[in-house]
Amino acid sequence: MSAAPAPQPGIMEIELYQGGASKVDGVADVVKLSSNENPHGPSPAAMAAAQAALAEMNRYPNTDHASLRAAIAEVHDGLDPDRIVCGVGSDEIIHLLCQCFAGPGDEVLHTHHGFLMYAISARAAGAVPVSAPERDRRVDVDALLDAATERTRLVFIANPANPTGTLLGGQDLVRLADGLPGDCLLVLDGAYAEFAEDFDGGLNLAGTRANVFATRTFSKMYGLGGMRVGWGYGPREVIDVLNRVRGPFNLSSVALAAAEAAVGDRDFVAMCRADNARQRARLRAGLTALGIPSDPSEANFVLARFGDETEAAGCDAFLRSRGVIVRHPRSYGLPHCLRMSVGDAAGTDRLLDALAAWRAG
């Protein structure tokens, strides 16, 4: 028998990505707080637009995403639609950046608790992922600058960070961009930027610097995780490169219609942001009252810290027995923590009640 073909170097080093669980064996009524989804669902306008687009599923979608890019630029005042690229979630944008700008012999730098897709996409491109330490679960600019070498081609920063929820301020971002090697691209992953107050997710920096690129997603604030739509903004030269390898029909007509309607529904976004802030504050206050520490979060989740991995795993198991599903981020180097998505009022009540019952023991 002939031998199976060998994969490219680095592929077999990739650990399969595990999404947040959505069910518990033997428990019928569950609340899913493991994937940072919008508990309010998508905008009614997005649902109506998707429904209308179904009638033309036999037609290929447009390849340039011009209407969606124009809608994004209108909402984010001052953006140039020609400097926007759309992808299958921000995951595809991350993957394309690695494919286009890193390869064998190159390094892709990220923080120790950074989003797992950074290392996965780096290895898929044949590059070497390099992890820089964080300081108290926050991005450490000096550590990143110390870890950057002449082989570093990309630096990924999730801001607000996943799974910690912490935010790196604007001046620190400028210092990082200024200090990186000249041929290195700083990528600011703003998947949760819409939840942070008075923060543009690095879009202004990406619009004024040749070495900065920003990514965003419709999966979180806009409630379109199942549609898989994301976008990136940056130098025209980078956009031109990405569009040369991006699949021409990477986004369906239904997804494009839903995303365009979602980004235009500013009232729905404002409601979701305000409710997330309320429930996030309730969750943190409840954790504090139970003696469970957490850092201030600028996202739609809170990272709760426990004494050790055993205690965190015990709490996780208890919550699941009550039908409350959170995320145990062992793979992010945080085995003593649980990441808890911010739900609606009922979901927050249920989580806090279950945590109180676990603490009471």
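Me: In this predicted model, is Asp136 buried or exposed, and what is its relative accessible area?

Reply: Asp136 is exposed, because its relative accessible area of 55% lies over the 50% cut-off. The residue sits in the loop between strand 4 and helix 5, and although Asp136 is not a glycine, its phi is positive, at about 55°.

Me: Which residue other than glycine, in the loop between strand 6 and helix 7, has a positive phi near 55°?

Reply: That residue is Asp198, whose phi is near 55° and whose place is in the loop between strand 6 and helix 7. Asp198 is exposed, with a relative accessible area of 81%.

Me: How should I read Arg138, and what is it in contact with once its neighbours within four places in sequence are left aside?

Reply: Arg138 is found in the loop between strand 4 (128-132) and helix 5, and it is partly exposed, with a relative accessible area of 34%. Leaving aside neighbours within four places in sequence, its contacts are Thr166, Leu167 and Pro296. With Thr166, the separation is 28 residues in sequence, while the two C-alpha atoms are 6.1 Å apart in space.

Me: Where are the cis peptide bonds that join Asn159 to Pro160 and Asn162 to Pro163?

Reply: Pro160 lies in the loop between strand 5 and helix 6, and the loop between strand 5 and helix 6 is also the place of Pro163. For the bond between Asn159 and Pro160, omega is about 0°, and for the bond between Asn162 and Pro163, omega is about 20°.

Me: Turning to helix 6, which of its residues are buried, and why do they line one face of the helix?

Reply: The general idea is that an α-helix has 3.6 residues a turn, so residues three or four places apart point the same way. In helix 6 (residues 170-179), the buried residues are Leu173, Leu176 and Ala177; seen down the helix axis, they fall within an arc of 95°, so they line one face. Gln171 and Asp178, on the other side of helix 6, are exposed. The cover over the buried residues includes helix 5 (141-147), strand 5 (152-158), strand 6 (185-189), helix 7 (203-208) and strand 7 (212-217).

Me: Which residues touch the most other members of the largest nonpolar core?

Reply: They are Leu186, Phe218 and Trp231, in a core of 54 residues, to which helix 9 (residues 253-264) gives the largest share, seven residues. Beyond its neighbours within four places in sequence, Leu186 is in contact with residues that include Leu173, Leu176 and Ala177, which are the buried residues of helix 6. A second, separate core has 24 residues, among them Ile93, Met117, Ile120 and Tyr332.

Me: How many cavities of 30 Å³ or more are there, and what lines them?

Reply: Rolling a probe the size of a water molecule over the atoms shows where empty space is left. Here the count comes to two cavities of 30 Å³ or more. The largest has a volume of about 80 Å³, and its lining has four nonpolar, five polar and two charged residues, including Glu37, His40, Phe195 and Asp275. The second largest has a volume of about 50 Å³; its lining divides into six nonpolar, five polar and one charged, and strand 5 supplies the largest share, three residues. Among the residues lining this second largest cavity are His113, Glu134, Phe156 and Asn162, and Asn162 is also joined to Pro163 by a cis peptide bond.

Notes
Residues are numbered from 1 along each chain as its sequence is written. This is a predicted model: local features need pLDDT of at least 70, side-chain atom pairs count only at pLDDT 80 or more; totals for chains, interfaces and linings use all residues. Side-chain values use heavy atoms; hydrogens and water are left out. Buried means under 20% relative accessible area, exposed over 50%, partly exposed in between (1.4 Å probe, protein chains only). Helices (H or I, at least four residues) and strands (E, at least two) are DSSP runs, numbered from the N terminus. The arc is that of the directions from the helix axis to the C-beta atoms. Contact means heavy atoms within 4.5 Å. A nonpolar core is a set of buried Ala, Val, Leu, Ile, Met, Phe, Trp, Tyr and Cys residues joined through side-chain atoms within 4.5 Å. On a 1 Å grid over the protein atoms alone, a cavity is a set of points where a 1.4 Å probe fits but cannot get out, and a pocket is an open set with protein on both sides within 12 Å along at least five of seven lines; lining residues have an atom within 4 Å of a point. Grid points are joined across faces, edges and corners, and a volume is the space filled by probe spheres set on the points. Ala, Val, Leu, Ile, Met, Phe, Trp, Tyr, Cys and Pro count as nonpolar, Asp, Glu, Lys and Arg as charged, and the others, Gly among them, as polar.
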